[in-house]
Amino acid sequence: MKDLKVRFSNGSETLVKYGTDILGILKSNKQLDSDDYPVTSALVNNELVSLSSRLKINAMIKPVLLDSAVGARVYRKTLTAVLSKVCFELFPDRRLIVGHSLDTGYVCYFDGMLKVEDKDIEKITAKLAEVISENIRITYENMSYEDACNSLEHNTSKKLVLKY
């Protein structure tokens with residue numbers, strides 16, 4: 001495949017292979033060197049994308065840092081996704097509700113439960129630390145509505161989200 005031209009917000013340029021992931025491009029070009037805040041995502045030609053996105057066109061790439069409004073929102077949404085995964089693994093019979101935002105976080109609770117036991121919070125905290133330490137890459141997959149429903153065949157609560 002052809003090489004793609006990449007420009008960075010600091011003015012530097014490079015050539016990369018078609019299909020290279022954004023994280024790899026940023027790493028190899030020393031664009032992750034923020035001393036204060038980590039990179040949560042990137043703007044590629046002014047479109048917000050995941051660090052696992054693959055480059056398919058010439059692009060201007062700007063890292064999005066955690067200290068920005070957009071970076072903080074990406075970080076919170078990622079943590080919410082990880083929390084949902086952990087709660088489903090630990091308590092498959094419970095349904096985690098992610099409610100309205102509250103300052104810099106979200107109100108979360110289990111449907112139909114007034115209180116979460118301390119031992120359950122400890123389990124969730126430990127499992128969150130475990131999953132985060134695995135540094136699992138989150139990828140975006142574009143699919144039809146029907147395919148999304150079929151992929152969630154065994155996950156009733158997530159299938160309800162698609163239904164309504």
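This report describes salt bridges, a strand hairpin and two residues with positive phi in a predicted model.

**Salt bridges**

The count of salt bridges in the model comes to 10, and three of the pairs are set out here with the separation of their N and O atoms.

| Basic residue | Acidic residue | N to O distance |
|---|---|---|
| Lys17 | Asp3 | 3.2 Å |
| Lys5 | Glu13 | 3.6 Å |
| Arg54 | Asp21 | 3.9 Å |

In the pair formed by the side chains of Lys17 and Asp3, Lys17 belongs to strand S2 (residues 13–17) and Asp3 to strand S1 (residues 3–8), so this salt bridge ties together parts of the chain that are 14 residues apart in sequence. The two partners differ in their accessibility class, since Lys17 is exposed at a relative accessible area of 53%, whereas Asp3 is partly exposed at 39%.

For the salt bridge between Lys5 and Glu13, Lys5 is partly exposed, with a relative accessibility of 39%, and Glu13 is likewise partly exposed, with a relative accessible area of 47%.

The salt bridge between Arg54 and Asp21, in which the closest N and O atoms are 3.9 Å apart, involves two loops: Arg54 lies in the one between strand S4 (47–49) and strand S5 (59–65), and Asp21 in the one between S2 and helix H1 (22–28), so the pair ties together parts that are 33 residues apart in sequence. Asp21 is buried, its relative accessible area being 14%.

Beyond these pairs, a network of salt bridges links Lys85, Glu89, Lys127 and Glu130.

**The S6–S7 hairpin**

Strand S6 (residues 96–102) and strand S7 (residues 105–110) run antiparallel and are joined by five bridges. The two strands form a hairpin with two residues between them, and Leu102 stands opposite Gly105 in S7. In the turn of this hairpin, Asp103 has a positive phi of about 60 degrees.

**Positive phi in two loops**

Asn46 has a phi near 70 degrees, which is a positive value in a residue other than glycine. Asn46 is located in the loop between strand S3 (39–44) and S4, where this residue is exposed, with a relative accessible area of 74%.

Asn135 also has a positive phi, near 50 degrees, and is again a residue other than glycine. The loop that holds Asn135 runs between helix H3 (118–133) and helix H4 (145–151), and Asn135 counts as exposed at 66% relative accessibility.

Technical notes:
Residues numbered from 1 in each chain as written. Predicted model: local features only at pLDDT ≥ 70, side-chain atom pairs only at ≥ 80, totals over all residues. Heavy atoms only, no water. Salt bridge = Lys/Arg side-chain N within 4 Å of Asp/Glu carboxyl O. Helix = DSSP H or I, 4+ residues; strand = E, 2+ residues; numbered from the N terminus. Buried < 20%, exposed > 50% of the residue type's maximum accessible area, 1.4 Å probe, protein only. Pairing = 2+ DSSP bridges.
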